[in-house]
Amino acid sequence: MRTVPFNVATELKVNNICGFYKREVKPFGTSAKVDCPKEHLGKTVYLVILDNDE
């Protein structure tokens, strides 16, 4: 199985975003999915939507 790299940081700066979502990682649901290792189940994550003009 492939290992997904994880970057440890305390701050993140991103320019040109359209918006973001703040959600809890769950094992399944009815919406679109983003790959995330099982070790992050139950944790809060941010999904940042970037502007396509870059």
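Reader: How much space lies in the largest pocket?

Author: Happy to start there: in this predicted model, the largest pocket holds about 1,500 Å³ of space. Of its 37 lining residues, Val-25, Val-34, Cys-36, Val-45 and Tyr-46 are the closest to the centre. S1 and S2 are the elements that give two or more residues to that lining, and S2 provides the largest share, with 5 residues.

Reader: What makes a residue part of the lining of a pocket?

Author: A lining residue has an atom within 4 Å of a pocket point. For the largest pocket, 37 residues line the space. By class, they are 20 nonpolar, 7 polar and 10 charged residues.

Reader: Which residues make the nonpolar surface patch?

Author: Leu-12, Val-14, Ile-17, Phe-20, Tyr-46, Val-48 and Leu-50 make a patch of about 680 Å². Strand S1 (17-24) and strand S2 (44-50) are the elements that give the patch two or more residues. The largest share, 3 residues, comes from S2.

Reader: Why is Phe-20 called exposed?

Author: A nice one to check by hand. The relative accessibility of Phe-20 is 52%, and exposed means over 50%, so Phe-20 counts as exposed. Phe-20 lies in strand S1 and is one of the residues of the nonpolar patch.

Reader: How do you know that Phe-20 may join a patch, as far as accessible area goes?

Author: Patch residues need over 30% relative accessible area. Phe-20 has 52%, so Phe-20 passes that cut-off.

Conventions
Residues are numbered from 1 along each chain as its sequence is written. This is a predicted model: local features need pLDDT of at least 70, side-chain atom pairs count only at pLDDT 80 or more; totals for chains, interfaces and linings use all residues. Side-chain values use heavy atoms; hydrogens and water are left out. Patches are made of residues with over 30% relative accessible area and no salt bridge: like charges are joined within 9 Å, nonpolar side chains (Val, Leu, Ile, Met, Phe, Trp, Tyr) within 5 Å. Accessible areas come from the Shrake-Rupley method with a 1.4 Å probe; for residues, only the protein chains shown count as cover. A salt bridge is a side-chain nitrogen of Lys or Arg within 4 Å of a carboxyl oxygen of Asp or Glu. Helices (H or I, at least four residues) and strands (E, at least two) are DSSP runs, numbered from the N terminus. Buried means under 20% relative accessible area, exposed over 50%, partly exposed in between (1.4 Å probe, protein chains only). On a 1 Å grid over the protein atoms alone, a cavity is a set of points where a 1.4 Å probe fits but cannot get out, and a pocket is an open set with protein on both sides within 12 Å along at least five of seven lines; lining residues have an atom within 4 Å of a point. Grid points are joined across faces, edges and corners, and a volume is the space filled by probe spheres set on the points. Ala, Val, Leu, Ile, Met, Phe, Trp, Tyr, Cys and Pro count as nonpolar, Asp, Glu, Lys and Arg as charged, and the others, Gly among them, as polar.
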